[in-house]
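User: Hi! I'm new to reading protein structures. Could you walk me through this one?
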Amino acid sequence: MATPYLRIQRLTKKFGAFTALDDISLEIAEGEFVCFLGPSGCGKTTLLRAIAGLDIQTTGRIEQSGRDISALPPTKRDFGIVFQSYALFPNLTAAKNVAYGLENARAKRAEVARRVRELLDMVGLDEHGGKYPAQLSGGQQQRVALARALATSPGLLLLDEPLSALDAKVRVHLRHEVKQLQRRLGVTTIMVTHDQEEALTMADRIVVMNHGAIEQIGTPLEIYREPASPFVADFIGVMNFVAGTVGGDGTVRLGRVALACETDGLTPGTAVTLAIRPEDIVIQAERGGEPNAVPARVETLAFLGSFFRADLVVDGMEGVLLRADLPVDLVRRLGIAEKSRVSMLLSPERIRIYPGSTVHR
């Protein structure tokens, strides 16, 4: 494997008695787009700030391009950063904001002007260079902040929740633009976000964090399809959790129902939590002979535009409601309505099992 562009080894950060980062190790390849994802207070911004040198870690080592930067001040590190709040200079025009780092680096005036034009063009603001931040929309201000961060051609781009202050439509549009720009420039990028959709659509790899530790690192598909813990399963997307026990012969018992699935070598009688995504529950016209086909009743049915969300009461699973996402044409074709009886199929490949009977909500 090629030497990683960024290597973080056993990083710990304490604020008094509070441990914000607990023994974090991580490697990021050159040109990769990595998202730090997790709830508020999980340590993702603290980790980003440690990489930037804005909050030096208590212990641990950070290498960038083979160089130990663990104790260097931010000015001696090679990165550009974009904050949630844009942090533009209100008294400078968009062009002057973008030029700021270049002028500080004593670049020639003609070179600065050429680079500023190129960057404003790159982020679609070539007409707006003479405007002040107050005259620009939130999305435009964030584009200026991005152009400013890229002006000195840094090896590393750090994005701290850069889109969270924008309204939903602008956010989705800018998400695509930022990813396209990153691909084109090939700049190694780390983005902090608490928005799972943002991470799933933008990242090459996602680092899911919780309580100052890494829960899982993987591609968006791996994180979504094979969550390593109930926390990851619950945090990314929607998940059904049901308490059960391991039966014999590769089954899990949920009330009076036995489902075939991979039990990961757990001994019969072990308390487990079964997890399945709503879109992985298949509804059929009538019960076939397949394993894991179970009769159920539709308790509620809500139309959500591109699909229906159903709450299902399953025969033999007292007190359990399973949420299923059903294609619109299927609901129409089978005439599914509230109080309908249906046959529900839970594919063994789509079921995940976690030791312990904690059912997350």
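Analyst: Happy to! One definition before we start: two strands count as paired if DSSP finds at least two bridges between them. Keep in mind as well that this is a predicted model.

User: Okay, so how many bridges join strand β11 to strand β12?
Analyst: There are two bridges between β11 (residues 240–246) and β12 (residues 251–254), and the strands run antiparallel. For one bridge, look at T245, whose partner in β12 is R253.

User: What sits between those two strands?
Analyst: β11 and β12 make a hairpin with four residues between the strands. In this hairpin, D249 takes a positive phi near 55°.

User: And which strand does β12 pair with over four bridges?
Analyst: That is β13 (residues 257–260), and the pairing is antiparallel. T251 stands opposite A260 in β13. β12 and β13 form a hairpin too, with two residues between them. In that turn, G255 has a positive phi of about 65°.

User: Cool. What actually holds strands together in a sheet?
Analyst: In general, the strands of a sheet pair through backbone hydrogen bonds, in either a parallel or an antiparallel way.

User: I also see a sheet with five strands. In what order do they come?
Analyst: The order is β15-β19-β16-β17-β18, in an open sheet with antiparallel pairing. At the edges are β15 (281–284) and β18 (321–327), each of which pairs on one side only. On average, neighbouring strands of this sheet are turned by 45° against each other, ignoring direction.

User: Can you zoom in on one pair there?
Analyst: Sure, take β17 (residues 307–314) and β18. They pair in the antiparallel sense over seven bridges. If you find L312, its bridge partner in β18 is L322.

User: Let's switch to helices. How do α4 and α5 pack?
Analyst: Helix α4 (residues 138–150) and helix α5 (residues 168–185) pack at an angle of about 15°, and their axes are 11 Å apart. Angles under 35 degrees count as roughly parallel, so α4 and α5 are roughly parallel to each other. Their crossing is right-handed.

User: Which residues meet there?
Analyst: From α4 you have G139, Q142, R143, L146 and L150, and they meet V170, H173, L174, E177, V178, L181 and L185 in α5. By class, the residues of this contact divide into seven nonpolar, three polar and two charged.

User: Does α4 have another partner I should look at?
Analyst: Yes, look at helix α2 (residues 94–104). α2 and α4 pack at an angle of about 25°, with axes 7 Å apart. They are therefore roughly parallel to each other as well, and the crossing of α2 and α4 is right-handed.

User: And which residues touch in that one?
Analyst: A94, N97 and V98 in α2 meet V144, A147 and R148 in α4. The contact of α2 with α4 has four nonpolar residues, one polar and one charged.

User: Last topic: how many aromatic pairs are there?
Analyst: The structure holds three aromatic pairs. One of them is F231 with F235, which is stacked, at 5.7 Å centre to centre with 10° between the planes.

User: How far apart are F231 and F235 along the helix?
Analyst: They are four residues apart in helix α8 (residues 230–235), so F231 and F235 are separated by about one helical turn.

User: Thanks, that helps a lot!
Analyst: You're welcome, enjoy exploring!

How values were computed. Residues numbered from 1 in each chain as written. Predicted model: local features only at pLDDT ≥ 70, side-chain atom pairs only at ≥ 80, totals over all residues. Heavy atoms only, no water. Axes fitted to C-alpha atoms, helices over the stretch in contact; angles between N-to-C directions. Parallel < 35°, antiparallel > 145°, perpendicular 65-115°, else oblique. Left-handed = near helix turned anticlockwise from the far one by under 90°. Contact = heavy atoms within 4.5 Å. Nonpolar A, V, L, I, M, F, W, Y, C, P; charged D, E, K, R; others polar. Phe/Tyr/Trp six-rings, centres within 6.5 Å; stacked < 30°, edge-to-face > 60°.
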